[in-house]
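Work through these exercises with the sequence and the 3D view side by side. Try each task before you read its solution.

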Amino acid sequence: MSIVTLSSNQPVTTTLAIAEGTNNDHASVIKLVRTYLVDLEEFGRVGFQIAPFETAGGVQQREIAVLNEQQSTLLMTYMRNNEVVREFKKRLVKEFWAMSQKIRQQSQNPANLSRLQLLEMAIQAEQERMLLENKVDELSPKADALDRIATHSNGSFCVRDAAKTLQIQEKKFKQLLFAEKWLYRRPMGAELLAYSDKLQSGLMEHKITKVDKDDGSERIFTQARITAKGLAKLSKMLTANRPDQLFA
């Protein structure tokens, strides 16, 4: 059964196909789409559909997402890597490539092409196929970093733990957070606080901590922590712009 189909002459797949191919619950996959919807829609609007499915209690309905090639490739990087997931990634790449070839062949009439043009098309198609297969390997470091994010038990990270997770020096990481206006230091204080827009967007959070002092009193301080969503966004930023820092 093909996992890539045509929709408005564009190759697409669905969260249902991804869930079945990676042995995941569909509810978990559609939740992942909702979590990273802003990221996915950098590559076009995500289409949502209501589809019927049979259960022991009768026919019910569920929401599925329809994803283009870029969206599905990005979503796969947000999933935990294992042998089943890696095999499905390769299958997905190959089927998108095959569908693109089919569309290209249908849009061109070979009778009007010279042998040289046909040879050039074949060479270009092979180069595109190799690039698509290499895309999975190129995204593996980022996927590994996101695996560590997904399995973190606390749900958010202090700056030091976040730097370790992303494999970047803590000093450089803090400089990045200050430069990109994620963190600031309160005047006349040592606490690092998150900017309000990062708090509102769910990229960071504040944690109130109480510490017992030697004299029996309590000290209350605020700790800025990076959420899993925030760390995923930072991982994407570093992979795109500073791969030498992320994987040094």
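The exercises below concern a predicted model.

**Exercise 1. Take stock of the chain.**
Task: State how many helices and strands the protein chain has, and what share of its residues counts as buried.

Solution:
- Step 1. Count the elements. The protein chain has 12 helices and nine strands.
- Step 2. Turn to burial. The chain has 248 residues, and 36% of them count as buried.
- Step 3. Look at contacts between residues at least 6 apart in sequence. Of these, 57% join residues at least 24 apart.

**Exercise 2. Trace the strands E1 to E4.**
Task: Find how E1, E2, E3 and E4 are paired.

Solution:
- Step 1. Start with strand E1, residues 5-7, and strand E2, residues 10-14. They run antiparallel and are joined by three bridges. Thr5 has Val12 in E2 as its bridge partner.
- Step 2. Inspect the link. E1 and E2 form a hairpin, with two residues between them. Ser8 sits in the turn and has a positive phi of about 55°.
- Step 3. Move on to strand E4, residues 58-68. Three bridges join E4 to E2, and the two run antiparallel. Here Leu67 in E4 stands opposite Thr13.
- Step 4. Add strand E3, residues 47-55. E3 pairs with E4 over nine bridges, in the antiparallel sense. Gly47 has Val66 in E4 as its bridge partner. A hairpin of two residues joins E3 to E4.

**Exercise 3. Order an open sheet.**
Task: Give the strand order of the open sheet of three strands, and name its edge strands.

Solution:
- Step 1. Read the order. It is E5-E9-E8, with antiparallel pairing.
- Step 2. Find the edges. Strand E5 (156-157) and strand E8 (204-212) each pair on one side only.
- Step 3. Check one pair. E5 and strand E9, residues 218-227, are antiparallel and share two bridges. In this pair, Ser156 stands opposite Thr227 in E9.

**Exercise 4. Describe a helix crossing.**
Task: Decide whether H8 and H9 are roughly parallel or roughly perpendicular, and list the residues that meet.

Solution:
- Step 1. Take the angle. The axes of helix H8 (residues 159-166) and helix H9 (residues 170-179) cross at roughly 110°. They come within 9 Å.
- Step 2. Apply the cut-off. Angles of 65 to 115 degrees count as roughly perpendicular, and H8 and H9 are therefore roughly perpendicular to each other.
- Step 3. List the contact. H8 supplies Val159, Arg160, Ala162, Ala163 and Leu166. H9 supplies Glu170, Phe173, Lys174 and Leu177.
- Step 4. Sort these residues. Six are nonpolar, none is polar and three are charged.

**Exercise 5. Map the largest nonpolar core.**
Task: Name the core residues that touch the most other members, and the elements that each supply at least two residues.

Solution:
- Step 1. The largest nonpolar core has 27 residues. Ile18, Val33, Val46, Leu75, Met76 and Leu92 touch the most other members.
- Step 2. Helix H1 (15-22), helix H2 (26-35), helix H3 (37-40), E4, helix H4 (69-77) and helix H5 (83-107) each supply at least two residues. H5 gives the largest share of this core, six residues.
- Step 3. Zoom in on Val33. Leaving out residues up to four places away in sequence, Val33 touches Thr15, Leu40, Val46, Phe48, Ala65 and Leu75.
- Step 4. Look at H1. Its buried residues are Thr15, Ala17, Ile18, Ala19 and Thr22. Asn23 follows H1 and has a positive phi, near 60°.

Notes. Residues are numbered from 1 along each chain as its sequence is written. This is a predicted model: local features need pLDDT of at least 70, side-chain atom pairs count only at pLDDT 80 or more; totals for chains, interfaces and linings use all residues. Side-chain values use heavy atoms; hydrogens and water are left out. Two strands pair if DSSP finds at least two bridges between them. Helices (H or I, at least four residues) and strands (E, at least two) are DSSP runs, numbered from the N terminus. Axes are lines fitted to C-alpha atoms, for helices over the stretch in contact, and angles run from 0 to 180 degrees between N-to-C directions. Angles under 35 degrees count as roughly parallel, over 145 as roughly antiparallel, 65 to 115 as roughly perpendicular and the rest as oblique. Contact means heavy atoms within 4.5 Å. Ala, Val, Leu, Ile, Met, Phe, Trp, Tyr, Cys and Pro count as nonpolar, Asp, Glu, Lys and Arg as charged, and the others, Gly among them, as polar. A nonpolar core is a set of buried Ala, Val, Leu, Ile, Met, Phe, Trp, Tyr and Cys residues joined through side-chain atoms within 4.5 Å. Buried means under 20% relative accessible area, exposed over 50%, partly exposed in between (1.4 Å probe, protein chains only).
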